[in-house]
Amino acid sequence: MLHDRVLVRTDIPEGERRSSGGIVIPATAAVGRRLGWAEVVAVGQNVRTVEPGDRVLYDPEDRAEVEVRGVAYVLMRERDLHAVAAERLEGSEDSTGLYL
């Protein structure tokens, strides 16, 4: 990885999903702008706020997909991340483990 790039693997594959009540929502259903969670796989040398293994919140509409050895990843800049959820941030008493 170069510069400020972050490589992430999305949590949920695109397609049908279920609501908390068990209702199936088809992939073609129109929804508002929805952010998605992903796991950081690799980071460039200039990335300061995330590490591999962290979970990040990103906008799925602003993404560049790449396939490596048959696995689909999303490549983005560090500044395109909206939030970071990491266990290493949960160490202090006043921390929620979520960095916005």
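Me: Where is R69 found, and what makes the flanking elements strands?
Reply: R69 sits in the loop between β6 (64–68) and β7 (71–77). Strands are DSSP runs of E with at least two residues, helices are runs of H or I with at least four, and both are numbered from the N terminus. The model is predicted: local features need pLDDT of at least 70, side-chain atom pairs count only at pLDDT 80 or more, and totals for chains, interfaces and linings use all residues. Residues are numbered from 1 along each chain as its sequence is written, and side-chain values use heavy atoms, with hydrogens and water left out.

Me: Why is R69 called exposed?
Reply: Buried means under 20% relative accessible area, exposed over 50%, and partly exposed in between (1.4 Å probe, protein chains only). R69 has 84% relative accessibility, so R69 counts as exposed.

Me: What is the phi of R69?
Reply: Phi of R69 is near 50°, a positive value in a residue other than glycine. Most residues other than glycine have a negative phi.

Me: Why is H3 called partly exposed?
Reply: The relative accessibility of H3 is 46%, and therefore H3 counts as partly exposed. H3 lies in the segment before β1 (5–10), and phi of H3 is also positive, near 50°.

Me: How many helices and strands does the protein have?
Reply: There are 0 helices and 9 strands, in the pattern β-β-β-β-β-β-β-β-β along the sequence.

Me: What share of the residues is buried?
Reply: Of the 100 residues in the protein, 24% are buried.
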